[in-house]
Amino acid sequence: MRFLKRCYLALVMLFLYLPIGVLILYSFNASKSRSVWSGFSLRWYRDLFSNELILTSLYNTLVVALCASVIAAILGTAAAMGIYSIRNRWFKSMIMNVTYMPILNPEIVMGVSLLLLFVSVNQIGAGITAATGIPMPELNLGYLTLVIAHVTFCTPYVILNVLPKLRQMDKFVYEAALDLGCSPVMAFFKVIIPEIMPGMATGFLMALTYSVDDFIISYFVSSATSQTLPVTIGAMVRKRISPEINALSAIIFVVVLVVLVAVNLSALRKERLLQKKLGGGV
């Protein structure tokens, strides 16, 4: 039975990672062929770092993802604390259902809705300018609309990760901090934030992942000068995928793998140190 379990696990891992392995393998292929191995070469990695379009799109993706994730982490944490403090169960349930909508809603609906929203804002601004003569700023498609759109669908993930930490927190610790002389602001940063920090960190990483990965919504709200990497790759797929994309995907996969290994090793080290301290105390 144990052998069968191991075989099943190996098959699942093979099913998940074989396509990535093939992709990485052919990033070292000397030719453009995706089926014939022509020899080992670093040609596509050299071409990747000289491809201005891909590097610019990667830069846009990272800038938008970082900005959107930070804003979503702040807004999501504040919203989670507000939802947690609601006493009316019916109203709280309604707010939670509204929070789930950006997650359950199809991305194409979100993309079209946000595009129409930005167009409507410009039309309203033009109407105000025509009626009053006061020039109103235009909300043109670009970095700003990308960040707004990404914050919109990333914030619910932060809320859903912070809320469980708030429920697990002992509310009397905050009151004890106030009784011991802390101001509400100091107690908030010294007591509440450390307690919910794991949820905030998880929500931030999920927001970062979904923002980097997003294609459909970014396709609708980006401009020619602010295209993200998924949009650029989507445009390249219509012709033929260059092996430079294989090289970029391989680099991203290795970076993510290294980060995950480092995080897990750090957590394991902390757990061992805690066990040693507990063992020494006993």
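A pocket, as used here, is an open set of grid points with protein on both sides within 12 Å along at least five of seven lines. Keep that in mind as you work through this predicted model.

**Exercise 1.** Work out how much space lies in the largest pocket and which elements line it.

*Solution.* Start with the volume: the largest pocket holds about 1100 Å³ of space. Next, find its middle. There are 28 lining residues, and the closest to the centre are Leu-208, Thr-209, Val-212, Ile-252 and Val-256. Now look at the elements: α3 (52-85), α8 (184-213), α10 (229-237) and α11 (243-281) each give two or more residues to this lining. The largest share, eleven residues, belongs to α11. Last, sort the lining by class, and you get 23 nonpolar, four polar and one charged.

**Exercise 2.** Do the same for the second largest pocket: what is its volume, and how does its lining divide by class?

*Solution.* The volume comes to about 270 Å³. Then check who lines this pocket: among them are Met-81, Tyr-84, Ser-85 and Arg-87, along with Lys-171, Tyr-174 and Glu-175. Two helices, α3 and α7 (171-179), each supply at least two lining residues. Sorted by class, the lining has six nonpolar, one polar and three charged residues.

**Exercise 3.** Follow helix α1 from end to end: how far does it reach, and where does it bend?

*Solution.* Helix α1 covers residues 2-26, which is 25 residues. From first C-alpha to last, α1 reaches 35 Å, close to the 36 Å expected at 1.5 Å a residue. Now trace its path: at Tyr-17, α1 bends by about 45 degrees. Look just past that spot and you'll find a proline, Pro-19, within four residues.

Key
Residues are numbered from 1 along each chain as its sequence is written. This is a predicted model: local features need pLDDT of at least 70, side-chain atom pairs count only at pLDDT 80 or more; totals for chains, interfaces and linings use all residues. Side-chain values use heavy atoms; hydrogens and water are left out. On a 1 Å grid over the protein atoms alone, a cavity is a set of points where a 1.4 Å probe fits but cannot get out, and a pocket is an open set with protein on both sides within 12 Å along at least five of seven lines; lining residues have an atom within 4 Å of a point. Grid points are joined across faces, edges and corners, and a volume is the space filled by probe spheres set on the points. Ala, Val, Leu, Ile, Met, Phe, Trp, Tyr, Cys and Pro count as nonpolar, Asp, Glu, Lys and Arg as charged, and the others, Gly among them, as polar. The expected span of a helix is 1.5 Å times one less than its number of residues. The bend at a residue is the angle between axes fitted to the seven residues ending there and the seven starting there.
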